[in-house]
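Here is a short report on one protein chain. Keep the structure open beside the text as you read.

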Amino acid sequence: MNDLSKYNNKLIYKKNKLFLEDVSLNTITKKFDTPIFCYSSTQISNKFNLFRSSFKKIKPLICYAMKANFNSHIIKILAKLGSGVDVVSKGELEKCLINGVEANKVVFSGVGKTEKEIEFALKKKIKQINVESLEELEEIEEICKRLVTKINICLRVNPDVNANTHEKITTGRLEDKFGIPNDKIQRIFEKYNGNKFIKITGLSIHIGSQIESLDPFKNAFTKIRKQILDLKKKGFKILTLDLGGGIGIKYNKDSKIIDIKMYAKLIEKLFSDLGAEVILEPGRYIVGTSGIILTRVIRVKKGTNKNFLIVDAGMNNLLRPALYGAIHNICPVKLKDDKKRISYDVVGPICESSDIFIKDIKLPEVLKDDLIAICSTGAYSSCMASDYNLRPKASEIFVKKNKFIISNN
Ligand SMILES: Cc1ncc(COP(=O)(O)O)c(C=O)c1O
């Protein structure tokens, strides 16, 4: 329990007290109310740099999928490191541009872009739109005609591959709403060949999220390589290849982690000979383990067969356990020497039975007002928060070495 380095190597016990970088988490609660999201800025930069430096033969354009966490502090950190961004709404697009991302490094994904959003993206002259249907492409063409402008397009392929991840975050099977089936791609290339407003530069793919093995990537990437070779044979140029995101992170003792160097090697083996620019859209991998939720025990409730730790974070702060059955590791902020372990269900205060973070976790005795940390809440956590039960959203602070700042937007 004491070694948290697999979750976040900036989350460390020093003399039995939990620190994020050089800041004691206990100190943070003297200044701010709980629950509160705390992130290690250094870990965010380190993960981005590690991802980028894993590629030896190609220099991919990394477009951070900001849906994972759209806090402006994160966007600023990544923009300074040269990252592009993958956006899925006008709101995200506006926000990333305000925070220093260059428009020519922005990719617009998503199955339901509205006409207004498309028009906005065209006016901002972003790098490309990843298109999910012929119907969407026809609408983009009409808007381009009206604005007398041209846009680069990648067609998002649905490769019919199961990512073997949670049912609700698998996106690459034919029954999923995403992408264009492989067998319809060539017809669209033919239809738009030489079009004045639409330039199809290549293909994109994203098969799901929290993927814990290389196999689904290998299956999908092999299919997309074949598609590219077929298109090339027909004389179409493939200038861009957007391989999406999806790499999993450590949430609990059972999570399996992909070796990022092997992921990079797989991509280089399959695509480095094609001469296309590779774009990657990692979200969770970059920010997921950087964050924790610091929460206080409101009350220890003894049930008939259970001990409930009722904490002040709820499913409105962290929806993943209720939505996906996700299990986040939980650890005390102050370690006790006591060897005795007690089994607890850690639950939130919200009026829903699904407001449970973890069942039957064995911890040293926890008392009212003790602090605990819920790990790996850097991605798909604060951005999914709501004010359900009219509870305020949790603040977000960013730690760097021995300093921290608050950034709530
Ligand atoms: C098109 C697209 N790209 C990238 C991502 C980021 O995925 P992840 O956070 O798993 O890397 C997503 C997430 O669902 C997505 O839909």
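## One residue, two domains, one helix

N316 sits in the loop that runs between β15 (307-311) and α11 (320-324). The model is predicted. N316 counts as buried because 24 other C-beta atoms lie within 10 Å, and the cut-off is 20 or more. Leaving out residues up to four places away in sequence, N316 touches I350, A385, S386, D387, Y388, N389 and R391. D355 is 39 residues from N316 in sequence, and 8.7 Å from it in space, C-alpha to C-alpha.

Now step back to the domains.

| Domain | Residues | In contact with the other domain |
|---|---|---|
| domain 1 | 11-40 + 291-406 | 11 residues |
| domain 2 | 70-282 | 10 residues |

The C-alpha centres of domain 1 and domain 2 are 34 Å apart. On the side of domain 1 that touches domain 2, α11 and β20 (395-400) each supply at least two residues. By class, that side has 6 nonpolar, 4 polar and 1 charged residues.

Next, helix α5 (residues 115-123). Which residues of α5 are buried? They are E117, I118, A121 and L122. These residues are on the same side of α5, because they cover an arc of only 135 degrees around the axis. An α-helix has 3.6 residues a turn, so residues three or four places apart point the same way. The face of α5 turned away from the buried side carries the exposed residues E115, K116 and K123. The cover over the buried residues of α5 includes α4 (90-98), β7 (106-108), β8 (128-131), α6 (134-147) and β9 (151-158). Just after α5, K125 has a positive phi of about 55 degrees.

Conventions:
Residues numbered from 1 in each chain as written. Predicted model: local features only at pLDDT ≥ 70, side-chain atom pairs only at ≥ 80, totals over all residues. Helix = DSSP H or I, 4+ residues; strand = E, 2+ residues; numbered from the N terminus. Buried ≥ 20, exposed ≤ 12 C-beta atoms within 10 Å, placed from the backbone. Contact = placed C-beta atoms within 7 Å. Domains from an automatic or database assignment. Nonpolar A, V, L, I, M, F, W, Y, C, P; charged D, E, K, R; others polar. Arc of directions from axis to C-beta.
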